[in-house]
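Work through the exercises below with the sequence and the coordinates at hand. Each task is followed by a solution in steps.

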Amino acid sequence: SLGPRVIRWVENYCVIPDGPDIGKPFRIPEFWKRIILEWYEVDETGRRRYSQGLIGIAKKNIKTSIAAALSLYELAGSQDPAALVLSAAATEEQGANLLFGSAYTMATKAPMLKDALVAMRSEIQVPDQPRARLKSLTSRAGSNDGANARAVFCDELHEWQGQSGRNLFAVLEGALTSRPDATLLAITTAGYDEDSICYDKYQYGKRVEAGEIDDPRFYFRWFEAPSGCDYKNKTFWVVPNPLLGITVHESVLEDRILRDPES
């Protein structure tokens with residue numbers, strides 16, 4: 001796996017992008033280290049094992065911060081002089097405030113990155129590598145916006161509703177065809193809309209997981225409590241919240257669950 005290199009780079013160069021510890025060194029929890037090690041597995045030829053992935057996890061488990069850090073690694077740590085990395089969101093507001101926003105904060109506050117990168121409203125560049133850039137895309141993306149991408153990160157895929165969401169995802173899948181090791185990783189919380197690209201990919205991942213579909217290039221990890229379980233039983237809370245007690249506070253979670261079970 002290329003994971004150990006990725007983890008070292010993130011912890012050496014990235015910072016926490018929000019909250020009371022903003023600007024402090026980014027330390028990856030063990031749970032996410034295992035995910036990174038899996039996602040960056042390679043075969044005997046050195047080729048990336050997975051080309052597309054979907055991770056579903058509850059709120060406050062720092063999925064967006066992780067994806068932002070990985071997007072910066074692909075831009076500035078991969079040693080690719082023409083790294084085109086795409087940070088994709090359902091709307092302009094989401095793109096500015098979530099995944100790309102976190103990457104922007106890291107790029108401007110991390111001591112080792114702020115002098116090496118140029119961060120703008122919708123793009124982060126590497127000055128001495130003119131073709132290397134991290135771009136923010138939304139549902140208004142055109143058919144050429146993702147051409148020749150090295151890596152694509154899709155934030156909150158459950159927000160990608162309707163035909164515009166499907167169109168954007170199709171554009172991004174098409175961006176993976178020019179490079180043999182190009183990857184697309186979608187990270188999301190759960191949603192409600194079964195007529196969406198997120199639900200399609202969730203169903204696909206469940207079938208891959210069950211062995212009904214043979215697709216060794218698709219990475220699927222969905223952290224959800226068993227269907228029909230008692231939502232008030234704290235035993236099940238840790239399943240969709242692997243960072244319970246670290247970034248997810250039990251008292252806050254308890255209040256939210258008991259006040260609004262559907263959350």
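The exercises go from the whole chain to helix pairs and then to single residues.

**Conventions**

The model is predicted, so local features need pLDDT of at least 70 and side-chain atom pairs count only at pLDDT 80 or more, while totals for chains, interfaces and linings use all residues. Residues are numbered from 1 along each chain as its sequence is written, and side-chain values use heavy atoms, with hydrogens and water left out.

**Exercise 1. Describe the protein chain as a whole.**

Step 1. Count the elements: the protein chain has 8 helices and 8 strands. Helices (H or I, at least four residues) and strands (E, at least two) are DSSP runs, numbered from the N terminus.

Step 2. Find the buried share. Of the 263 residues in the protein chain, 47% are buried. Buried means under 20% relative accessible area, exposed over 50%, and partly exposed in between (1.4 Å probe, protein chains only).

Step 3. Take the surface. The accessible surface of the protein chain is about 13,000 Å², and carbon and sulfur atoms account for 48% of that surface. Areas come from the Shrake-Rupley method with a 1.4 Å probe; for residues, only the protein chains shown count as cover.

Step 4. Look at the contacts, where contact means heavy atoms within 4.5 Å. Among those in the protein chain between residues at least 6 apart in sequence, 70% join residues at least 24 apart.

**Exercise 2. Determine how helix 1 packs against helix 2.**

Step 1. Two packed helices are described by the angle between their axes and the distance between the axes. Axes are lines fitted to C-alpha atoms, for helices over the stretch in contact, and angles run from 0 to 180 degrees between N-to-C directions.

Step 2. The axes of helix 1 (residues 3–13) and helix 2 (residues 30–39) cross at roughly 130° and come within 8 Å. That makes helix 1 oblique to helix 2. The classes are roughly parallel for angles under 35 degrees, roughly antiparallel over 145, roughly perpendicular from 65 to 115, and oblique for the rest.

Step 3. The crossing of helix 1 past helix 2 is right-handed. A crossing is left-handed if the near helix is turned anticlockwise from the far one by less than a right angle, and right-handed if clockwise.

Step 4. Helix 1 contributes Gly-3, Pro-4, Val-6, Ile-7 and Glu-11 to the contact, and helix 2 contributes Lys-33, Ile-36 and Leu-37. By class, this contact of helix 1 with helix 2 has 5 nonpolar, 1 polar and 2 charged residues. Ala, Val, Leu, Ile, Met, Phe, Trp, Tyr, Cys and Pro count as nonpolar, Asp, Glu, Lys and Arg as charged, and the others, Gly among them, as polar.

**Exercise 3. Do the same for helix 3 with helix 5, and for helix 1 with helix 3.**

Step 1. The axes of helix 3 (residues 63–77) and helix 5 (residues 99–109) come within 8 Å and cross at roughly 60°. Helix 3 and helix 5 are therefore oblique to each other, and the crossing is right-handed.

Step 2. On the helix 3 side, Thr-64, Ser-65, Ala-67, Ala-68, Ala-69, Ser-71 and Leu-72 meet Leu-99, Ser-102, Ala-103, Met-106 and Ala-107 of helix 5. The residues of this contact are 8 nonpolar, 4 polar and no charged.

Step 3. Helix 1 and helix 3 have axes 10 Å apart and pack at an angle of about 100°. That makes helix 1 roughly perpendicular to helix 3.

Step 4. Arg-5, Val-6, Trp-9 and Val-10 in helix 1 meet Ala-69, Leu-70, Leu-72, Tyr-73, Ala-76 and Gly-77 in helix 3. The contact of helix 1 with helix 3 comprises 8 nonpolar, 1 polar and 1 charged residues.

**Exercise 4. Is Ala-88 buried or exposed, and which residues does Ala-88 contact?**

Step 1. Ala-88 lies in strand 2 (residues 84–88). With a relative accessible area of 1%, Ala-88 is buried.

Step 2. Leaving aside neighbours within four places in sequence, Ala-88 is in contact with Leu-137, Phe-153, Cys-154, Asp-155, Trp-160 and Leu-172.

**Exercise 5. Place Lys-60 and Glu-156, and state their phi and burial.**

Step 1. Lys-60 lies in the loop between strand 1 (52–56) and helix 3. Its phi is positive, about 70°, although Lys-60 is not a glycine. Lys-60 is exposed, with a relative accessible area of 60%.

Step 2. Glu-156 is in the loop between strand 6 (151–155) and helix 6 (162–174). Phi of Glu-156 is positive too, near 50°. At 12% relative accessibility, Glu-156 counts as buried.
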